[in-house]
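Trainee: I would like to go through the labels used for this model and see what each one rests on.
Mentor: Take a look first, then ask.

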Amino acid sequence: MRTAVLAEPTHFELEERPRPSPGPDDVLVAIRDVGICGSDIHYYEHGRIGDYVVDYPLVLGHESAGEVVEAGENVTGLEPGDRVALEPGVPCRRCAHCKRGDYHLCEDVRFMATPPHDGAFAEYVAWPADFAYELPESVSTVEGALCEPLSVGIHACRRGNVGTGDTVLVTGAGPIGLLAMEAARAAGATDIVVSDVVGEKLDFAAERGADLTVDVTETDLETAIDEYTGGIGADVVVEASGADPSIQSTVDAVRRGGTVVLVGLADEATVPFDVLEVIDNEIDVHGSFRYKNTYDAAVDLLADDAVDVEGIVDFESPLDDVEAAFQRAMEPTAIKGMITLDS
Ligand SMILES: NC(=O)c1ccc[n+]([C@@H]2O[C@H](COP(=O)([O-])OP(=O)(O)OC[C@H]3O[C@@H](n4cnc5c(N)ncnc54)[C@H](O)[C@@H]3O)[C@@H](O)[C@H]2O)c1
Ligand SMILES: C[C@@H](O)[C@H](N)C(=O)O
């Protein structure tokens with residue numbers, strides 16, 4: 001099968017590799033669409049993210065969907081011809097975290113495209129059937145692939161307990177912020193404010209329904225939120241930029257008794273943070289790591305047309321052009337590139 005392999009920093013090679021064989025509990029999936037995520041770009045450019053260091057060659061891509069072509073002997077509920085979204089992190093199922101139900105915190109998770117595990121920029125992937133979610137007729141495989149970043153947004157909104165009538169501030173209008181905005185709206189938020197430092201990103205967020213956008217290079221975020229909420233502050237802040245100033249501003253923008261959800265990964269582990277504001281204002285600060293039990297919800301939201309994910313895709317490229325696609329994805333105004341594979 002054709003496979004795009006990251007052979008060295010900033011260089012892919014197209015290789016012929018053997019088609020994987022599904023185990024008894026797996027499905028073999030002919031991949032149709034794979035999104036390019038910021039973490040793929042980071043591995044492409046820098047060869048590492050924190051302690052995860054690429055041992056070349058590595059297959060990138062973890063936002064994937066395709067068509068089942070073979071099902072292992074124990075698989076029930078999926079058969080050849082079914083279209084599925086693949087949840088990329090398969091946990092050990094045995095550790096204390098898995099047994100508590102926090103399978104996304106499993107330390108032995110096999111997560112696609114996270115060293116040393118290969119991802120989905122390939123014609124076929126064999127994957128455990130219980131981490132493959134059937135897509136109804138009305139949901140495309142592009143949408144199936146985007147269940148992954150949508151899941152990050154759903155999990156963040158669950159961590160923030162976003163509810164009916166809430167005002168939610170999303171800081172950062174990249175794919176994660178835009179899809180957190182979708183998830184917040186679907187969870188009942190009626191007012192969504194989005195901040196960024198790039199005007200084009202904010203224009204795009206406004207086109208997609210943000211009620212207010214704030215360019216923090218021009219306007220003070222706390223002042224803008226105060227004006228919008230009559231001095232109260234946002235009920236929930238979802239921090240989706242990873243930028244230090246944005247992380248610091250969350251505690252000023254949230255209301256007393258509100259919740260801050262930290263999704264964006266800061267460059268450094270330590271960011272100065274006003275803990276007295278957190279204490280005096282009883283602010284709940286939650287980390288949000290990947291997701292758990294979100295794929296069924298993501299597929300249902302898509303089937304109900306309750307979220308728009310496909311609209312964030314700004315270009316599609318074939319597997320053969322993966323290198324050019326990554327170069328394009330690195331442009332400052334790019335949002336989401338999609339690698340498409342022929343049937
Ligand atoms: N916690 C998790 O499980 C998880 C999962 C996926 C991604 N992430 C992280 O979430 C973040 C967002 O991911 P993405 O793919 O959307 O990234 P992205 O780089 O595409 O988007 C980040 C956005 O933040 C904007 N930004 C920069 N400085 C800002 C500031 N001071 N205020 C407001 N916005 C600012 C950028 O212009 C950009 O539009 C990244 O840090 C990523 O690593 C975390
Ligand atoms: C969750 C996923 O999208 C993220 N890029 C990660 O590797 O954790």
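**Helix packing and cysteines**

Mentor: In this predicted model, Pro-149, Leu-150, Val-152, Gly-153, Ile-154 and Cys-157 of H4 are in contact (heavy atoms within 4.5 Å) with Ile-176, Leu-179, Ala-180, Ala-183 and Ala-184 of H5. By class, 10 of these residues are nonpolar, one is polar and none is charged; Ala, Val, Leu, Ile, Met, Phe, Trp, Tyr, Cys and Pro count as nonpolar, Asp, Glu, Lys and Arg as charged, and the others, Gly among them, as polar.

Trainee: Why are H4 and H5 called oblique to each other?

Mentor: The axes of H4 (residues 147-159) and H5 (residues 175-186) come within 8 Å and cross at roughly 55°. Under 35 degrees is roughly parallel, over 145 roughly antiparallel, 65 to 115 roughly perpendicular and the rest oblique, so H4 and H5 are oblique.

Trainee: How do you know that Cys-92 has no disulfide to Cys-106?

Mentor: A disulfide needs two cysteine sulfur atoms within 2.5 Å. The sulfur of Cys-106 is the closest to that of Cys-92, at 3.7 Å, so it is too far for a bond. Zero disulfides are found in the whole structure.

Trainee: What makes Cys-98 buried?

Mentor: Buried means under 20% relative accessible area, exposed over 50%, partly exposed in between (1.4 Å probe, protein chains only). Cys-98 has 12%, so it counts as buried. Cys-92, at 13%, is also buried.

Trainee: Which conventions apply?

Mentor: Residues are numbered from 1 along each chain as its sequence is written, and chains are lettered from A. Local features need pLDDT of at least 70, side-chain atom pairs count only at pLDDT 80 or more, and side-chain values use heavy atoms.

Methods
Axes fitted to C-alpha atoms, helices over the stretch in contact; angles between N-to-C directions. Helix = DSSP H or I, 4+ residues; strand = E, 2+ residues; numbered from the N terminus.
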